[in-house]
Amino acid sequence: MPVQQVTVPDIGGAEGAEVIELLVAAGDEVVVDQGLIVLESDKASMEIPSTVAGTVVEMLVAEGDQLSEGAPLAKIEVSDEDVQAHDAVVELRDSLPITASDEKEAVAGEAEPADAAIAPVVSVPVEQVSAAAAAEGDRTTPKEIYAGPAVRRMARELGVSLKRVLG
């Protein structure tokens with residue numbers, strides 16, 4: 001059976017995203033779109049899926065590794081039938097013509113309206129926020145708090161408890 005190497009797909013130009021969790025190990029069976037690892041960049045955490053189905057032969061990364069687009073993740077043993085089906089789909093997709101309406105939809109989906117409304121910024125004195133947070137106390141557990149990796153890192157550096165910050 002052939003072995004295919006799975007690589008990091010386009011992750012939005014993030015360079016040096018850190019592997020924070022391995023979701024599979026050698027010997028595990030995986031299906032298409034099943035998560036293999038979790039990467040964390042300055043702006044987001046993202047699960048990287050498998051592009052093929054089969055048995056994981058070897059994981060090529062470890063927790064703490066820094067990865068960029070195109071870096072190898074794992075070697076997965078796939079059946080001959082899966083390889084032939086995948087190749088047929090790729091060949092069919094590549095043979096389809098791109099129409100003018102497809103290009104217009106792709107461009108229209110990327111553009112933002114020029115006259116988008118901008119919400120006004122409301123400032124509240126720090127004393128009021130601190131008093132309200134102290135009165136409310138610890139409102140949630142850390143896993144229930146919705147905050148991105150960059151916000152969590154900044155809060156740690158500043159010594160701010162996200163449990164006490166009001167949205």
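## A tour from fold to surface patch

Begin with the whole chain coloured by secondary structure: eight strands and four helices are present, taken as DSSP runs (H or I of at least four residues for helices, E of at least two for strands) and numbered from the N terminus. Along the sequence, the elements appear in the order β-β-β-β-β-β-β-β-α-α-α-α. The model is predicted, with pLDDT of at least 70 required for local features and 80 or more for side-chain atom pairs, whereas totals for chains, interfaces and linings use all residues. Residues are numbered from 1 along each chain as its sequence is written, and side-chain values use heavy atoms, without hydrogens or water.

Next, display the surface. The accessible area of the chain is about 11,900 Å², with 55% belonging to carbon and sulfur atoms (Shrake-Rupley method, 1.4 Å probe; for residues, only the protein chains shown count as cover). Of the 167 residues, 20% are buried, meaning under 20% relative accessible area, with exposed over 50% and partly exposed in between.

Now select Ser-50, in the loop between β5 (45–49) and β6 (54–59). Ser-50 counts as buried because its relative accessibility is 0%. Beyond neighbours within four places in sequence, Ser-50 contacts Val-30, Val-31, Val-32, Asp-33, Gln-34, Leu-36 and Ile-76; a contact means heavy atoms within 4.5 Å.

Finally, move to Val-160, in the segment after α4 (149–158). Val-160 is classed as partly exposed because its relative accessibility is 40%. Add Met-154, Leu-158 and Val-165 to the selection: with Val-160 they form a nonpolar surface patch, together presenting about 370 Å² of accessible area. Patch members have over 30% relative accessible area and no salt bridge, with nonpolar side chains (Val, Leu, Ile, Met, Phe, Trp, Tyr) joined within 5 Å and like charges within 9 Å; a salt bridge places a side-chain nitrogen of Lys or Arg within 4 Å of a carboxyl oxygen of Asp or Glu.

Key: Buried means under 20% relative accessible area, exposed over 50%, partly exposed in between (1.4 Å probe, protein chains only).
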